[in-house]
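User: Please take a close look at one helix of this protein and explain, step by step, how it is placed among its neighbours.

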Amino acid sequence: MTFEPADLLAAAVTARALAYAPYSGFSVGAALVTPEGRVFTGENVENASYGLSMCAERVAIYNAVSHGERRFAAVAVTGPDGLRAMPCGACRQVLHEFGPAMQVILPDGDHLRIVPLSALLPEAFGGGDLAAASNGAAPAQREAR
Ligand SMILES: [Zn+2]
């Protein structure tokens with residue numbers, strides 16, 4: 001590993017301080033790490049129109065993608081006061097897009113819990129499924145031809 005899981009969780013804790021969660025009061029921080037060790041963070045951003053709120057994990061993904069990163073080795077996620085905050089279903093799908101083999105690091109009392117994303121989203125839908133319905137190549141592969 002190019003990172004220490006505890007360090008990645010610490011980055012998520014730091015990011016959580018920037019959460020905008022005036023409605024739920026449930027602040028969440030997330031930190032992603034690339035295979036090269038670059039770290040990108042995100043925090044949940046709520047809205048008075050609740051459905052427009054965005055989870056910390058997706059903010060972190062979009063932050064990283066906007067900086068040119070496409071692959072991630074792991075994500076750490078923490079809720080308020082070190083409470084566990086499992087990625088929601090939507091975030092699991094978005095995380096899968098950029099790192100189906102990534103590890104998910106969560107606080108677990110005084111310990112860490114590390115779970116493969118594949119265990120949280122088994123038999124996930126992905127680009128390969130779309131490719132099966134087209135000319136056999138994922139969209140990014142077709143663009144490269
Ligand atoms: Zn989510």
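Analyst:
**Helix H2 and its surroundings**

Helices H2 and H3 are roughly parallel to each other. This description concerns a predicted model, and the statement about direction rests on an angle: the axes of H2 and H3 cross at roughly 25°, and angles under 35 degrees count as roughly parallel. The two axes come within 9 Å, and their crossing is left-handed.

The residues that make this contact can be listed for each helix. On the side of H2 they are Glu 57, Arg 58 and Ile 61; on the side of H3 they are Cys 91, Val 94, Leu 95 and Phe 98. Sorted by character, the residues of the contact comprise 5 nonpolar and 2 charged ones, with no polar residue. A general property of helices is useful when reading such a list: an α-helix has 3.6 residues a turn, so residues three or four places apart point the same way.

The next matter is how far H2 is covered. Helix H2 spans residues 56-65, and 7 of its 10 residues are buried, so that the helix is described as mostly covered. The buried residues are Ala 56, Glu 57, Arg 58, Val 59, Ala 60, Ile 61 and Ala 64. For the protein as a whole, 33% of the 145 residues count as buried.

Which elements cover the buried residues of H2? The cover includes two helices, H1 (5-16) and H3 (89-98). It also includes the strands S1 (29-33), S2 (39-43) and S3 (74-78).

Beyond H3 the chain enters a loop that leads to strand S4 (103-108), and Met 102 lies in this loop. Is Met 102 buried or exposed? There are 20 other C-beta atoms within 10 Å of Met 102, and it is therefore buried. Leaving aside residues up to four places away in sequence, Met 102 touches Phe 72, Ala 73, Ala 74, Val 75, Leu 95 and Leu 117. Of these, Leu 95 also takes part in the contact of H3 with H2. Met 102 and Leu 32 are 70 residues apart in sequence, yet their C-alpha atoms are 9.6 Å apart in space.

Finally, the helix may be set within the whole chain. The protein has 6 helices and 5 strands, which run α-β-β-α-β-α-β-β-α-α-α from the N terminus on. Its radius of gyration is 16 Å, close to the 15 Å that the globule rule gives for 145 residues, so the protein is as compact as a globular protein of that length. Among contacts between residues at least 6 apart in sequence, 58% join residues at least 24 apart.

Definitions and conventions:
Residues numbered from 1 in each chain as written. Predicted model: local features only at pLDDT ≥ 70, side-chain atom pairs only at ≥ 80, totals over all residues. Helix = DSSP H or I, 4+ residues; strand = E, 2+ residues; numbered from the N terminus. Rg over C-alpha atoms; globule rule 2.2 N^0.38 Å. Buried ≥ 20, exposed ≤ 12 C-beta atoms within 10 Å, placed from the backbone. Contact = placed C-beta atoms within 7 Å. Axes fitted to C-alpha atoms, helices over the stretch in contact; angles between N-to-C directions. Parallel < 35°, antiparallel > 145°, perpendicular 65-115°, else oblique. Left-handed = near helix turned anticlockwise from the far one by under 90°. Nonpolar A, V, L, I, M, F, W, Y, C, P; charged D, E, K, R; others polar.
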